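Reader: Could you walk me through this fold, one question at a time? I would like the terms spelled out as we go.

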Amino acid sequence: MRASALLVEWHGKQPLYSVSFQPGSDRVATGGSEVGGGGAVKIWRVTERSTSTSDDDDSCANIEFLSDLQGHNRCVNVVRFSPDGKLLASAGDDGMVMLWHLDETSSADAPKPSGNLESLGSAEFNKEKWKT
């Protein structure tokens with residue numbers, strides 16, 4: 001088994017304080033700060049990269065932005081999926097604990113962002129919709 005570090009600017013070079021892997025899924029939630037001091041909860045898909053890729057990138061994973069969960073107005077210190085993976089809890093310096101669930105009844109048809117992952121973070125690029 002090959003291991004390598006994922007070097008990703010998950011929150012636009014802002015601090016990342018918490019990561020949670022959704023049980024039975026390829027989703028990852030991250031919690032931290034946004035530029036300007038707001039809170040950030042983001043959902044990502046991390047999948048194993050095919051060994052047949054011939055580019056010079058030695059990363060062993062593909063990372064896809066799925067959603068920016070907006071609701072915290074200060075830094076998010078912790079994100080955790082429930083054991084069954086149906087709920088995501090987030091808590092931050094704003095004193096709020098939020099429970100999120102994936103809204104599977106609506107799809108978020110988002111435009112494809114140009115550039116790198118640093119350009120992501122706006123709700124306009126959401127591929128999934130999460131509700132409190």
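Author: Happy to; what follows goes from the overall make-up to the sheets, the core and two single residues.

Author: This is a predicted model, in which local features need pLDDT of at least 70 and side-chain atom pairs count only at pLDDT 80 or more, while totals for chains, interfaces and linings use all residues. Residues are numbered from 1 along each chain as its sequence is written, and side-chain values use heavy atoms, with hydrogens and water left out.

Reader: Which pattern does the protein chain follow along the sequence?

Author: Helices (H or I, at least four residues) and strands (E, at least two) are taken as DSSP runs, numbered from the N terminus. By that count the protein chain has zero helices and eight strands. Read along the sequence, the pattern is β-β-β-β-β-β-β-β.

Reader: What percentage of the 132 residues count as buried?

Author: Buried means under 20% relative accessible area, exposed over 50%, and partly exposed in between, with a 1.4 Å probe and protein chains only. Of the 132 residues in the protein chain, the buried share is 37%.

Reader: In what order do the strands of the open sheet that contains β1 come?

Author: Two strands pair if DSSP finds at least two bridges between them. In this sheet, β1 (16-21) and β4 are the edge strands, each pairing on one side only. The pairing is antiparallel, and the four strands have the order β1-β2-β3-β4.

Reader: How many bridges join β2 to β3?

Author: β2 (residues 27-33) and β3 (residues 39-48) run antiparallel. They form a hairpin with five residues between them, and Gly 36 in the turn has a positive phi of about 95°. Within the pairing, Val 28 stands opposite Trp 44 in β3. The number of bridges joining β2 to β3 is seven.

Reader: And on the β4 side, which residue is the bridge partner of Arg 45?

Author: Eight bridges join β3 to β4 (residues 61-69), and these strands run antiparallel. Thr 47 stands opposite Asn 62 in β4. For Arg 45, the bridge partner in β4 is Glu 64.

Reader: Which strands stand at the edges of the other open sheet, β5-β6-β7-β8?

Author: The pairing in this four-stranded sheet is antiparallel. Five bridges join β5 to β6, and Val 78 stands opposite Ala 91 in β6. Two strands have a single partner strand, so one side of each is left without a neighbour in the sheet: β5 and β8 (130-131).

Reader: Which strand supplies the largest share of the largest nonpolar core?

Author: A nonpolar core is a set of buried Ala, Val, Leu, Ile, Met, Phe, Trp, Tyr and Cys residues joined through side-chain atoms within 4.5 Å. The largest one here has twelve residues in all, including Ala 29, Val 41, Ile 43, Leu 66, Phe 81, Met 98 and Trp 130. β3, β4, β5 (76-81) and β7 (97-102) each supply at least two residues of this core. The largest share, three residues, comes from β5.

Reader: Why does Arg 74 count as partly exposed?

Author: Arg 74 lies in the loop between β4 and β5. Contact means heavy atoms within 4.5 Å, and, leaving aside neighbours within four places in sequence, Arg 74 is in contact with Gly 37, Gly 38, Gly 39, Asp 93 and Asp 94. Its C-alpha atom is separated by 9.0 Å from that of Gly 32, 42 residues apart along the chain. Arg 74 is partly exposed because its relative accessible area is 45%.

Reader: Is Ser 82 buried or exposed?

Author: Ser 82 lies in the loop between β5 and β6 (87-92). Leaving aside neighbours within four places in sequence, Ser 82 is in contact with Pro 23 and Leu 87. Because its relative accessibility is 17%, Ser 82 counts as buried.

Reader: Which residue's side chain joins that of Ser 82 in a polar contact of 2.6 Å?

Author: A polar contact is a pair of N or O atoms within 3.5 Å; within protein, one must be able to donate a hydrogen and the other to accept it, and residues adjacent in sequence count only if both atoms are side-chain atoms. A polar atom of the Ser 82 side chain lies 3.4 Å from the backbone nitrogen of Lys 86. The side chain at 2.6 Å belongs to Asp 84.
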